[in-house]
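User: I am new to this structure and would be grateful for a close look at one part of it. Please choose a single strand and describe its surroundings in a connected account.

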Amino acid sequence: MPTRWVSLCFLVLLAAASSARAQLSIEITGATAQRTPIAIAPFAGEAALAPSISAIVRADLERSGLFRGLELPPLNPIPTEASNVNYAEWRSRLADALVLGSVASRADGRYEVRFRLFDVVKQEDLRGVAYTLTKDQVRATAHRIADYVYEKLTGERGVFSTRIAYVVKRGNRYELQIADADGAGAETALASFEPIISPAWSPDGRRLAYVSFENKKPVVYVHSLLDGKRQVAANFKGSNSAPAWSPDGRTLAVSLSREGGSQIFTINPDGSRLRRLTSSSAIDTEPRYSPDGKWLYFTSDRGGSPQIYRMPSGGGEPQRVTFEGSYNVSPRISPDGRMLSYIARNEGKFQVALLDLQNRQVQIITDSDRDESPSFAPNGRMILLATVLGGRGVLSAVSADGRFKQRLSAATGGDVREPAWGPFIE
Amino acid sequence: MGAKLKATLTAILAAGVLAACTTTPEEQAPAGVEGRKPGATPPSAVQSKPIPKVDVTGKPAGSPFAQLKDPNSILSKRSIYFDFDKFEVKDEYRPLVEAHAKFLRENPSAKMLIQGNADERGSREYNVGLGQRRSDSVKKMLSLLGVKENQIEAVSLGEEKPQCTDHGENCWAKNRRDDMLYNGEY
């Protein structure tokens with residue numbers, strides 16, 4: 001069949017296409033009321049590396065909404081992690097915390113970065129780490145340093161070393177991209193002339209499940225980011241959509257129409273062991289596991305309007321979870337299992353809602369009106385989402401308390417959508 | 001993966017695929033057609049008699065499949081539109097679905113893919129569900145009209161392939177639709 005052969009050739013060419021580096025640009029709007037002032041001195045000798053490590057550490061910490069980097073006068077000589085710290089002097093500059101560091105080149109052509117963190121208020125040395133790195137590991141190293149500082153000062157893990165996945169649409173071209181959490185260093189994992197939706201990270205961060213329409217219908221793939229190999233997880237008659245990983249990475253929950261309607265099934269990532277979980281005449285879709293693996297939250301219109309339900313992850317009687325409003329979709333559970341984020345329609349606006357699963361209180365945390373696909377940061381502090389601004393698809397991140405927002409758009413134009421925040425990487 | 005390795009793999013893959021693609025039968029020159037040298041004088045515009053047309057692009061002429069592309073045949077019409085939040089086939093589309101059912105019954109080798117679509121509002125995945133409900137509804141009607149299960153597949157494209165990309169009811173109405181495609185067309 002000639003047409004099929006041609007389109008097959010075409011697709012393989014597409015999949016092999018460009019790995020050019022792209023970039024998302026970031027704009028921060030709003031801020032938390034109390035931001036910890038922190039002084040991050042330039043690292044002595046860091047000019048040997050680009051970009052500047054101290055600048056990335058500062059930008060990371062400021063993006064969390066919890067820190068404010070202080071402007072510093074030229075320091076001569078630049079103090080390093082080995083210097084004696086004059087706490088009174090840094091206190092007079094209004095710093096609550098201080099980061100000092102240095103970069104040295106090694107005989108083997110690599111570099112060594114050392115840093116030390118100080119609590120200026122308590123006059124306490126909070127220690128630091130030394131890293132050996134090559135020139136192309138500057139960003140990754142700076143993100144590690146920011147994670148260390150964040151964890152020491154807030155008591156919770158930082159997410160600066162994590163990655164995000166999202167889809168960029170430019171004209172009729174779709175690209176599934178992976179970038180650092182700050183939008184830098186974007187790489188294309190898949191390019192296609194047909195839509196790609198619903199990327200979902202495996203718990204170990206090595207694979208993405210997603211839905212691709214390259215066969216003129218939705219098919220669920222599992223794509224290894226290490227070697228670019230992909231595997232069909234679900235390609236049954238009808239539509240195959242909405243993949244979600246179980247916390248142990250062994251099972252995918254999906255929505256399939258193979259037996260009519262859209263119903264929730266589980267299947268192994270290699271396509272084996274198919275099991276049907278729901279039996280309704282409704283649309284049952286968007287399954288998500290709770291972090292403890294015990295529950296599956298999902299969207300269903302079995303009650304007449306789309307609402308969020310949950311059932312035991314092995315199947316069982318569903319219970320309704322959302323009650324306010326006539327359109328509540330796209331459930332995502334916070335990493336600690338306490339909050340449910342979803343998209344609620346209010347007076348024609350689609351916004352991110354946050355439901356406290358203990359006290360049942362609902363809060364709308366965005367002020368945009370076409371929000372989609374919320375995604376928790378692995379530490380639960382921020383929620384990444386897709387929205388539309390000025391007719392253009394952009395990503396937005398909002399703190400879980402709704403106070404702090406930032407926007408990521410494609411620097412090279414196009415619509416950005418379908419974000420998924422990846423897990424912590426060991 | 002190292003950038004170099006990736007680039008090499010990409011190149012090898014692309015070269016292999018290109019080589020394979022150039023042997024596609026479609027690209028062979030049809031027999032009996034004169035290959036004109038570049039720069040040769042074009043033939044006179046005045047023709048004494050019409051040139052017989054040889055068409056090897058589709059099914060042989062006279063095949064029942066020709067009707068599917070004939071603008072005068074109802075079978076060339078392939079879209080069914082739905083009202084907001086509605087999934088049943090409206091009466092005005094019954095003759096169209098019946099004509100396709102008759103064609104599928106009479107041509108057991110014909111296969112149909114029904115692609116359901118939804119407008120852009122709301123969740124992409126829930127919209128896949130809404131599009132599926134629309135394609136399932138045409139599939140069910142075809143089944144009731146005697147078409148065999150193995151001839152039809154109902155799928156959804158959700159909101160991903162809009163016919164109209166503006167925002168507003170006029171446009172959304174065009175996107176709440178089913179498209180019927182026959183084998184060879186998808």
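Analyst: Of the 426 residues of chain A, 49% count as buried. This is a predicted model, and a few further remarks on chain A may serve as background. Its secondary structure comes to 4 helices and 31 strands. The radius of gyration of chain A is 23 Å, close to the 22 Å given by the globule rule for 426 residues, so chain A is as compact as a globular protein of that length. Along the principal axes, the C-alpha trace of chain A spans about 70 × 55 × 40 Å. Among the contacts in chain A with a separation of 6 or more, 45% are made by residues 24 or more positions apart.

The part chosen for the close look belongs to chain B: strand β3, residues 152–158. This strand is mostly covered, with 7 of its 7 residues buried. B:Ile152, B:Ala154, B:Ser156 and B:Gly158 point one way from β3(B), while B:Glu153, B:Val155 and B:Leu157 point the other way. The residues on both sides of β3(B) are buried.

The partner of β3(B) is strand β2 of chain B, residues 112–117, and the two pair in the parallel sense over 6 bridges. Within this pairing, B:Val155, one of the buried residues named above, stands opposite B:Gln115.

A helix completes the picture. Helix α3 of chain B, residues 124–144, joins β2(B) and β3(B) in a β-α-β unit, and this unit is right-handed. Strand β3(B) is thus described by its buried residues, its parallel pairing with β2(B) and its place in the β-α-β unit.

Notes
Residues are numbered from 1 along each chain as its sequence is written. Chains are lettered from A and ligands numbered from 1 in the order in which they are written. This is a predicted model: local features need pLDDT of at least 70, side-chain atom pairs count only at pLDDT 80 or more; totals for chains, interfaces and linings use all residues. The radius of gyration is taken over C-alpha atoms; the globule rule is 2.2 Å times the number of residues to the power 0.38. A residue is buried if 20 or more other C-beta atoms lie within 10 Å of its own, exposed if 12 or fewer, and partly exposed in between; C-beta atoms are placed from the backbone. Two residues are in contact if their C-beta atoms, placed from the backbone, lie within 7 Å. Two strands pair if DSSP finds at least two bridges between them. A crossover is right-handed if, with the strands pointing away from the viewer, the path from the first strand over the helix to the second runs clockwise.
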